[in-house]
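Please open the model in your viewer and keep the sequence beside it, since each stop on this tour asks you to select a few residues and look at what surrounds them.

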Amino acid sequence: MDNVVAIANDHAGVALKAALAPVVAACGFTLLNLGTDNTDSVDYPDYGRRAADSVAQGKARFAIIICGSGIGISIAANKVKGIRCALCNDVYSAKKAREHNNANVLCLAGRSTPAALGKKIAETFLNARFEGGRHERRVRKIEHAV
């Protein structure tokens, strides 16, 4: 669905996810919350896969995933065919992830990304557009490398 953003996280991403919900809505998207919603310990690969599958299956246009460092959950999401997940720690990376790499999943580090910065990163990611052109060739190479 073109207007849906799935969001999923482990226990370390609960607070950041809550901060991002209004940003997703302000960008014109409906939020599909795939959990978790409390700080009880859970396994991040389960949530990364859940969000990535929602994008790969066409249930969401984009996903935002969060774990403590962002590393583990992004690795899990990138195992799903058709997913281009980018772990972004700044606005520039989020913009280029969309413009140059046509990333369809944004990953954030719940333990090191302040809410204000996370909001700016998510807004930038959701509003940026893939530039195509020379980048299209590179994205095709990424897709065929799996």
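In which loop does Asn102 lie? Select Asn102 in this predicted model, and you will find that Asn102 lies in the loop between helix 4 and strand 5, the strand that covers 105-109. While Asn102 is selected, look at the backbone, because phi is near 50° there, a positive value in a residue other than glycine.

**Helix 4 and helix 5**

Next, select helix 4, which is residues 91-99, together with helix 5, which is residues 115-127. The axes of helix 4 and helix 5 come within 8 Å and cross at roughly 20°, and since angles under 35 degrees count as roughly parallel, helix 4 and helix 5 are therefore roughly parallel to each other. The crossing of helix 4 and helix 5 is right-handed. To see where the two meet, show the side chains of Val91, Ala94, Lys95, Ala97 and Arg98 on helix 4, and those of Leu117, Lys120, Ile121, Thr124 and Phe125 on helix 5, as these residues make the contact. If you colour the contact of helix 4 with helix 5 by class, you will see six nonpolar, one polar and three charged residues.

**Helix 1 against helix 5**

Keep helix 5 on the screen and add helix 1, residues 14-26, which packs with helix 5 at an angle of about 40°, the axes being 9 Å apart. Helix 1 and helix 5 are therefore oblique to each other, and the crossing of helix 1 and helix 5 is right-handed. On the helix 1 side, select Leu16, Ala19, Leu20, Val23 and Val24, which meet Ala115, Gly118, Lys119, Ala122, Glu123 and Leu126 in helix 5. Sorted by class, the residues in the contact of helix 1 with helix 5 are eight nonpolar, one polar and two charged.

**Salt bridges**

Side chains of opposite charge can pair when their charged atoms come close. The count of salt bridges in this model comes to five, and the next selections show you some of them.

Begin with Lys96 and Glu99, whose side chains meet in a salt bridge with 2.9 Å from N to O. Lys96 and Glu99 are three residues apart in helix 4, and so they are separated by about one helical turn. Is Glu99 buried or exposed? Glu99 is buried, with a relative accessible area of 9%, whereas Lys96 counts as partly exposed at 21% relative accessibility. Now add Lys95 to the selection, and you have a network of salt bridges that links Lys95, Lys96 and Glu99.

Move on to Asp53 and Arg49, whose side chains also form a salt bridge, here with 3.0 Å from N to O. Both Asp53 and Arg49 lie in helix 2, residues 44-56, and they are four residues apart, about one turn of the helix. Asp53 counts as partly exposed at 21% relative accessibility, and Arg49 is partly exposed too, with a relative accessible area of 44%.

For another salt bridge, select Arg84 and Glu143, whose closest N and O atoms are 2.6 Å apart. This pair links distant parts of the chain, with Arg84 in the loop between helix 3 and strand 4 (85-87) and Glu143 in helix 6 (residues 134-144), 59 residues apart. Arg84 is buried, with a relative accessible area of 12%, while Glu143 counts as partly exposed at 35%.

**Places in the loops**

Where is Gly68, and what is around it? Gly68 is in the loop between strand 3 (62-67) and helix 3 (71-77), and it counts as buried at 9% relative accessibility. Leaving aside neighbours within four places in sequence, Gly68 is in contact with Asp10, Ala12, Ala109, Gly110, Arg111 and Ser112. You can also draw a distance between the C-alpha atoms of Gly68 and Leu108, which are 40 residues apart along the chain and separated by 8.4 Å.

Then select Gly133, which lies in the loop between helix 5 and helix 6 and is exposed, with a relative accessible area of 58%. The C-alpha atoms of Gly133 and His100 are separated by 9.3 Å, although these residues are 33 residues apart along the chain.

For the last stop, select Gly35 and Thr36, where the peptide bond from Gly35 to Thr36 is cis, with omega near -10°. Thr36 lies in the loop between strand 2 (30-33) and helix 2.

How values were computed. Residues are numbered from 1 along each chain as its sequence is written. This is a predicted model: local features need pLDDT of at least 70, side-chain atom pairs count only at pLDDT 80 or more; totals for chains, interfaces and linings use all residues. Side-chain values use heavy atoms; hydrogens and water are left out. Axes are lines fitted to C-alpha atoms, for helices over the stretch in contact, and angles run from 0 to 180 degrees between N-to-C directions. Angles under 35 degrees count as roughly parallel, over 145 as roughly antiparallel, 65 to 115 as roughly perpendicular and the rest as oblique. A crossing is left-handed if the near helix is turned anticlockwise from the far one by less than a right angle, and right-handed if clockwise. Contact means heavy atoms within 4.5 Å. Ala, Val, Leu, Ile, Met, Phe, Trp, Tyr, Cys and Pro count as nonpolar, Asp, Glu, Lys and Arg as charged, and the others, Gly among them, as polar. Buried means under 20% relative accessible area, exposed over 50%, partly exposed in between (1.4 Å probe, protein chains only). A salt bridge is a side-chain nitrogen of Lys or Arg within 4 Å of a carboxyl oxygen of Asp or Glu.
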